[in-house]
Amino acid sequence: AVRRFSQPYVSVPHLAIKLAQFSDSWTFYEDSLYPMPGVSKTINYRGGKGTFPIFSLREVMGGLADGELKNKIVVIGAADLDTHLLNTPLGVMTRSEVIANVVDNFLNNRWFRYPSRLLLAAYLLVLLSLVVWLLFSYPQSVAFVLLIWIGLAIGALSLWIFDTYYYWLPLLAPLSMIGFTYILFL
């Protein structure tokens, strides 16, 4: 599945970068946003197939899409050739839809962000301290219900942080730690 974007090792920039540079929204050229050759970034897809409007050649040539295409970046591609279809985490998309998602990531800085390992370790340590304190302070049945609520809150918090700030906080590690700690204290 196509999950990452990387600038090729050639002197010609990728099509998505050139398209983003033609936009009025392109105002940055920083190392954190502009990938160096060989450095890959995880694509943050906006949605599944059809997220970006698709027009047929007949609609474009007939003038039916003139109002919708004004001041927009247009990516031309084929939708009915198997060689132009790519597997993505959100299903099968055309190459032009994948390029549109990459351009959107450049223009709106929607790339995945990952917190440092030290910050994640501190987060897990604080969570472990909270879980151990709950297991020592409350009866087993009460602590079980509280741990379920903490697990749900962690899941909701992780989703909210990703949707708002594009930071990827892992869910499996904290939830596993809560479960294993509870079982260990049984």
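**Group meeting: how helix H5 packs against H6 and H7**

Hi everyone, let me start with the protein as a whole: of its 186 residues, 31% are buried. Please keep in mind that this is a predicted model. The accessible surface is about 12300 Å², and carbon and sulfur atoms contribute 64% of that.

What does the secondary structure come to? We have 7 helices and 4 strands. Reading from the N terminus, the order is β-α-β-α-α-β-β-α-α-α-α. As for contacts, if you take those with a separation of 6 or more, 70% are between residues 24 or more positions apart.

Now to the helices I'd like to show you. In general, you describe two packed helices by the angle between their axes and the distance between those axes.

Let's take H5 and H6 to begin with. H5 covers residues 117–137 in this model, and H6 covers residues 140–165. Their axes come within 9 Å and cross at roughly 160°. Angles over 145 degrees count as roughly antiparallel, so that is what H5 is to H6. The crossing is right-handed. On the H5 side, the contact uses Tyr123, Leu127, Leu130, Val131, Leu134 and Leu135, and H6 brings Ala143, Leu146, Leu147, Ile150 and Ile154. Which classes do these residues fall into? There are 11 nonpolar residues in this contact, with no polar and no charged ones.

Next comes H7, residues 172–185, which packs on H5 at an angle of about 30° with the axes 10 Å apart. Under 35 degrees counts as roughly parallel, and H5 and H7 are therefore roughly parallel to each other. H5 passes H7 in a right-handed crossing. From H5, the contact residues are Tyr123, Leu124, Leu127, Leu128, Val131, Val132, Leu135 and Phe136; from H7, they are Ala173, Pro174, Met177, Ile178, Thr181, Tyr182 and Phe185. Sorted by class, that gives 14 nonpolar residues, 1 polar and no charged.

Let me finish with one residue from that list, Thr181, which sits in helix H7. Is Thr181 buried or exposed? Its relative accessibility is 8%, and because the cut-off for buried is under 20%, Thr181 counts as buried. And what does Thr181 touch? Leaving out residues up to four places away in sequence, Thr181 touches Leu128, Val131, Val132 and Leu135. Those four also appear on the H5 side of the contact with H7. If you have the structure open, Thr181 in H7 is a nice place to look. Thanks for listening!

Definitions and conventions: Residues numbered from 1 in each chain as written. Predicted model: local features only at pLDDT ≥ 70, side-chain atom pairs only at ≥ 80, totals over all residues. Heavy atoms only, no water. Axes fitted to C-alpha atoms, helices over the stretch in contact; angles between N-to-C directions. Helix = DSSP H or I, 4+ residues; strand = E, 2+ residues; numbered from the N terminus. Parallel < 35°, antiparallel > 145°, perpendicular 65-115°, else oblique. Left-handed = near helix turned anticlockwise from the far one by under 90°. Contact = heavy atoms within 4.5 Å. Nonpolar A, V, L, I, M, F, W, Y, C, P; charged D, E, K, R; others polar. Buried < 20%, exposed > 50% of the residue type's maximum accessible area, 1.4 Å probe, protein only. Areas by Shrake-Rupley, 256 points an atom, 1.4 Å probe, with all protein chains shown as cover.
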